[in-house]
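This report introduces a structure to a reader who has not met it before. The sequence and the structure come next, and the description follows them.

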Number of protein chains: 4
Amino acid sequence: MKATLDRIVATSRTYTQNGTLANYIPELAKANPNALAICICDHTGNCTQAGDFNTAFTIQSVSKIVTLLYAFEAYGEDVFSRIGVEQTADAFNSIIKLETRNHGKPLNPLINAGAIATIAYIAEHEGKGTFRKLSTFLRKMAQNESIHVNQDVYASEKRTGDINRALAYFQKGVSSFSAPVEIVLDTYFQMCSLEVHVKDLARIAQVLANNGVLIESGERLFSEKTAMMTKSIMTTCGMYDSSGHFAVTVGIPSKSGVGGGILSVVPGQYGIGTLGPALDEKGNSAAGIELLSQLSNELHLSIFR
Amino acid sequence: MKATLDRIVATSRTYTQNGTLANYIPELAKANPNALAICICDHTGNCTQAGDFNTAFTIQSVSKIVTLLYAFEAYGEDVFSRIGVEQTADAFNSIIKLETRNHGKPLNPLINAGAIATIAYIAEHEGKGTFRKLSTFLRKMAQNESIHVNQDVYASEKRTGDINRALAYFQKGVSSFSAPVEIVLDTYFQMCSLEVHVKDLARIAQVLANNGVLIESGERLFSEKTAMMTKSIMTTCGMYDSSGHFAVTVGIPSKSGVGGGILSVVPGQYGIGTLGPALDEKGNSAAGIELLSQLSNELHLSIFR
Amino acid sequence: MKATLDRIVATSRTYTQNGTLANYIPELAKANPNALAICICDHTGNCTQAGDFNTAFTIQSVSKIVTLLYAFEAYGEDVFSRIGVEQTADAFNSIIKLETRNHGKPLNPLINAGAIATIAYIAEHEGKGTFRKLSTFLRKMAQNESIHVNQDVYASEKRTGDINRALAYFQKGVSSFSAPVEIVLDTYFQMCSLEVHVKDLARIAQVLANNGVLIESGERLFSEKTAMMTKSIMTTCGMYDSSGHFAVTVGIPSKSGVGGGILSVVPGQYGIGTLGPALDEKGNSAAGIELLSQLSNELHLSIFR
Amino acid sequence: MKATLDRIVATSRTYTQNGTLANYIPELAKANPNALAICICDHTGNCTQAGDFNTAFTIQSVSKIVTLLYAFEAYGEDVFSRIGVEQTADAFNSIIKLETRNHGKPLNPLINAGAIATIAYIAEHEGKGTFRKLSTFLRKMAQNESIHVNQDVYASEKRTGDINRALAYFQKGVSSFSAPVEIVLDTYFQMCSLEVHVKDLARIAQVLANNGVLIESGERLFSEKTAMMTKSIMTTCGMYDSSGHFAVTVGIPSKSGVGGGILSVVPGQYGIGTLGPALDEKGNSAAGIELLSQLSNELHLSIFR
């Protein structure tokens, strides 16, 4: 596996030039656009890494998976009363459908509007402790107590997060949620600013691949049903408005973030984390997608086989 | 004129039942839905009133005219570099076109997004004194030093103005303006909360009918060009997404507010203010429109004759 | 007047280079992009011309005014049961609002969807004779029996009119009208293909300026109410999605066509026809707008004075 | 299996009352709304049926799968140069995105606009024989030479297919394809009008489940890659704008039609066909979805396990 990963990282590296760094959060523009890394954890808990796996990055939208898992596990299908599960052809931060569809109910939990709504839903039940609970849950899945908020990115997100503020205030304005907007956004910005490595993403993904059970301890962190629902939403909505294309070419339930990370789940087999900060025009890691595409073809990982 | 107005108020009164009070600002829901009033000021400065002309109300979106006049007079056509002049078929508080058209440039200055942009534009030049200057300008046009902010409505606007916050943060997020959002919104909410009577609206309108010159003093408050531009935008955009229908049936440049007021300008002749707090589904005064329609037909006031 | 027109044509001529010929109807791409002409007919019936007034061109969307006048005069305000009167921020041939607003009722009669609906409405009452009646009415207003269909343009329209077919079939599909689509479209294509000169447009406009009465004969062709309604719709919707900008800068009720013609009405005074085939990005004559702007400023023709 | 199917059909039957017959194609409104049937073919070629499996119905949009398979197999990924693979939150027959996205390139091949584009793409290569080739391919997959066009439904489709005409003419109008619209639509209407039974759908699905190989003969009808691409698109786009919800609750790649049929593929295991003509508000079979949901839960068929 190590040799395979080294080779695929090498052949994918050139694709880092097909993308550009996210620049709407100034702090993200400081990343190394040529970085590329992967970590795969198998069903025995054994993890293999290749490339720049020591490069730290912020989790960004990949955290939406953790938020969703927490919400499903704590509150079940009632979550769907507040957030839809349909893909949209609009951009990840689009506000249009909040006005034109479903009276302010976001289309799915993996676009910005929907993740904000999910956090608001949780915050209405759990109050100010929401971030603490979500981040504790994330650290447990990653089995890494040292994961923390990158304060520079967090400050940058707060300073420049006006489109997210618009998404939150619009939903509040049409009574989609009742939680205080500033608490919701603060939780959202903190979750996005958690600093991780590819191994953290791979470990989180491995819990999903294992349908909720931590391999090392055998502890169940969430139910099989929660895992199934989440994997299906990752497949249909996880890569923004190129989710369909990713399903055709890669076929692995995944979620990307503008920090360059992608978390991927091969059910029953692998948890995968990749990093490639240069993004394509949809906001997904350009080289990360290439890397996963090669890996999927070579190891026959598509769930659509 | 007095007899004509009394008669038209009487025959229009029943139309107050075709509308409902604005309820998204709780304080507005306390108004008397059956109130109906009109004031006409002619080119000699003589004003005639009928109906419930002693009823006070907040100016709401009618203030957008004052803001626009101020911006045109101070900064001329440069205003159009930041705000368009096209009507939209979307609702007065719609956010869609900010995302889909012109990269965040609002379609026109008489919808919420555009009025917020106009205030931001002024605030970038004049800073924190913006509200003071705008309200002083308004009092001068109305020749009424006693016009003040209704603090209950202002507090209610601030508490419930989340859609306007979304409109402002979205524009800020796409770099449509640089002024601080909270100052812009505070100015916007204060301007909307100014408490007036129909005579105040009629006097402001009379200055426009007189192309910028105060009749009593002969003082010029704004240029003829500023007046012309404003009257044309009132015609094409002043009654939200029923501006076209109003042009066909009434034909008088006007601007409505959700407080129930309408300010109307018959060029060279009359300034008119009406009040009827019950609104139709577009957010315009139901009985106010009927009253203006009867008046226009009877006195041949349409500019499309 | 002749000297004024000659001068304004000369100073506007350079603006022909700010536009390009319509190319979606191949036959239109054969026009001379540098042509520029104007004709003004005053309230005595006296007409003055300047520039390339001998250049023939097809009337295109200017014919929508004639169709609307005919419909209003024959069927009155019932027309509004089928077609709205609101401006749209979408393009002249947009189909979006047919799906999203009013269940297939077009926003106004001066965009393609609305003109097709108006013809369908007439055709449901008058059957196959619709084109004959409309074109006879047009010739009478223009006092020119020689106006005829340009067969090459008509054939070109039919061959390439697929977007208009989409607009018609969509409306038919949502039961907005019952007339046969092919008859409706054929009438629409023929009306667009009528070949005229600027004098024809000026004479038609003069009847509108005179509120429906032919100056020469004193014959009333349509009522004052029909004239008023039409002039107001020309003001709010006549120049597609730059109607608002045109109102601000010119202020004369007008209707443009992609053949380069503009028909303009100065109420009580002038009927004006202009030609300038090079179009701006909204589909309006670039130099024609400049010409009308200069004329309006110089002769104080804006209805918003 | 037979007992299981009988039981599930019985418990799902009540859900037929949660839907209504398609009525925009008059002929479809003659179906029995309470019909419910299922057929499952396993990897040995053994088929089990339950419910009203002798009821014939037209295949409608399920035929889009056959068209897509044919296009992929004959022309490979070049198909994506003309049709996207992204889900849309708009309705199955929506025209909006053709105007607002990708310059007329439909979002995916399983909505009406995209299926029309796919047929046009094939017709540009294969001309008038397109329907013959597509229907021959379908009969081969179903191993049923007797499948034919229901002439009454076909006539009804042609008579009332104006929205589909709009979708085709719009694409033609923006040069998305060059094939003659009437040939394309005629092929589309004929494909939709093919009369089938649940066993036909199950057999076609079984070929997909078997990655392109006919079990009985061992003949390969299409490549594994064609099968994988198609199964992934069925998952993300197969159930119109409730594809995401279906993925969460059922998790089986499927395609529905307004005739009430659903074709479902359990990779490596089963081909499934169901019938339930009463449709939910998205246009999918109400009881068919319930039936598949129960089956998926009971037999653990979700690909997201």
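Two strands pair if DSSP finds at least two bridges between them. In this predicted model, strand S1 (residues 37-41) of chain C is joined to S2(C) by 5 bridges, and the two strands run antiparallel.

**The sheet of chain C**

S1(C) also has a partner in S8(C): 5 bridges join these strands, which run antiparallel. Both pairings belong to an open sheet of 5 strands in chain C, with the order S2-S1-S8-S7-S6 and antiparallel pairing. At the edges of the sheet are strand S2 (47-51) and strand S6 (254-256) of chain C, each of which pairs on one side only. From one strand to the next, the twist averages 10°.

Single residues show how S1(C) is held between its two partners. Ile38(C) has Ala50(C) as its bridge partner in S2(C), and Thr274(C) as its bridge partner in S8(C). Further along, Cys41(C) has Cys47(C) as its bridge partner in S2(C). S1(C) and S2(C) form a hairpin, with 5 residues between the two strands. In the turn of this hairpin, Gly45(C) has a positive phi of about 95°.

Is S1(C) covered on one face or on both faces? In a regular strand, side chains alternate between the two faces of the sheet. For S1(C), Ala37(C), Cys39(C) and Cys41(C) lie on one side, Ile38(C) and Ile40(C) lie on the other, and all of these residues are buried. A residue is buried if 20 or more other C-beta atoms lie within 10 Å of its own. Because 5 of the 5 residues of S1(C) are buried, the strand is largely enclosed by the rest of the structure.

A helix packs on this sheet as well. Helix H9 (residues 198-209) of chain C lies across S1, S2, strand S7 (261-266) and strand S8 (270-275) of chain C. The helix runs at about 150° to S8(C).

**The two domains of chain A**

Chain A is divided into domain 1, made of 2-60 + 195-298, and domain 2, which spans 63-192. The C-alpha centres of domain 1 and domain 2 of chain A lie 20 Å apart. Between them, 31 residues of domain 1 of chain A are in contact with 32 residues of domain 2 of chain A.

On the side of domain 1 of chain A that touches domain 2 of chain A, strand S5 (194-196), helix H9 (198-209) and helix H10 (224-237) of chain A each supply at least two residues. The largest share of that side, 7 residues, comes from H10(A). By class, the side of domain 1 of chain A that touches domain 2 of chain A has 15 nonpolar, 9 polar and 7 charged residues.

**Contacts between chains**

Which chains touch, and how many residues does each supply? The contact between chain A and chain D takes 30 residues from chain A and 30 residues from chain D. H10 and helix H11 (243-249) of chain A each supply at least two residues of the side of chain A that touches chain D. H10(A) gives the most to that side, with 8 residues.

Chain B and chain C are also in contact, with 30 residues from chain B and 30 residues from chain C. Here, helix H10 (224-237) and helix H11 (243-249) of chain B each supply at least two residues of the side of chain B that touches chain C. H10(B) supplies the largest share of that side, 8 residues.

The table gives the classes of residue on three of the sides described above.

| Side | Nonpolar | Polar | Charged |
|---|---|---|---|
| Domain 1 of chain A that touches domain 2 of chain A | 15 residues | 9 residues | 7 residues |
| Chain A that touches chain D | 12 residues | 12 residues | 6 residues |
| Chain B that touches chain C | 12 residues | 12 residues | 6 residues |

Chain B can be laid on chain C with an RMSD of 0.0 Å, by a turn of 180° and a shift of 0.0 Å along the axis. That is the relation of a two-fold axis. The same surface serves both copies, as 100% of the contact residues of chain B recur in chain C.

Other pairs of chains stay apart. Chain A and chain C do not touch, and their nearest C-alpha atoms are 9 Å apart. Chain B and chain D do not touch either, and their nearest C-alpha atoms are 9 Å apart.

How values were computed: Residues are numbered from 1 along each chain as its sequence is written. Chains are lettered from A and ligands numbered from 1 in the order in which they are written. This is a predicted model: local features need pLDDT of at least 70, side-chain atom pairs count only at pLDDT 80 or more; totals for chains, interfaces and linings use all residues. Helices (H or I, at least four residues) and strands (E, at least two) are DSSP runs, numbered from the N terminus. Axes are lines fitted to C-alpha atoms, for helices over the stretch in contact, and angles run from 0 to 180 degrees between N-to-C directions. Two residues are in contact if their C-beta atoms, placed from the backbone, lie within 7 Å. A residue is buried if 20 or more other C-beta atoms lie within 10 Å of its own, exposed if 12 or fewer, and partly exposed in between; C-beta atoms are placed from the backbone. Copies are superposed by least squares on the C-alpha atoms of residues with pLDDT of at least 70 in both. Domain bounds come from an automatic or database domain assignment. Ala, Val, Leu, Ile, Met, Phe, Trp, Tyr, Cys and Pro count as nonpolar, Asp, Glu, Lys and Arg as charged, and the others, Gly among them, as polar.
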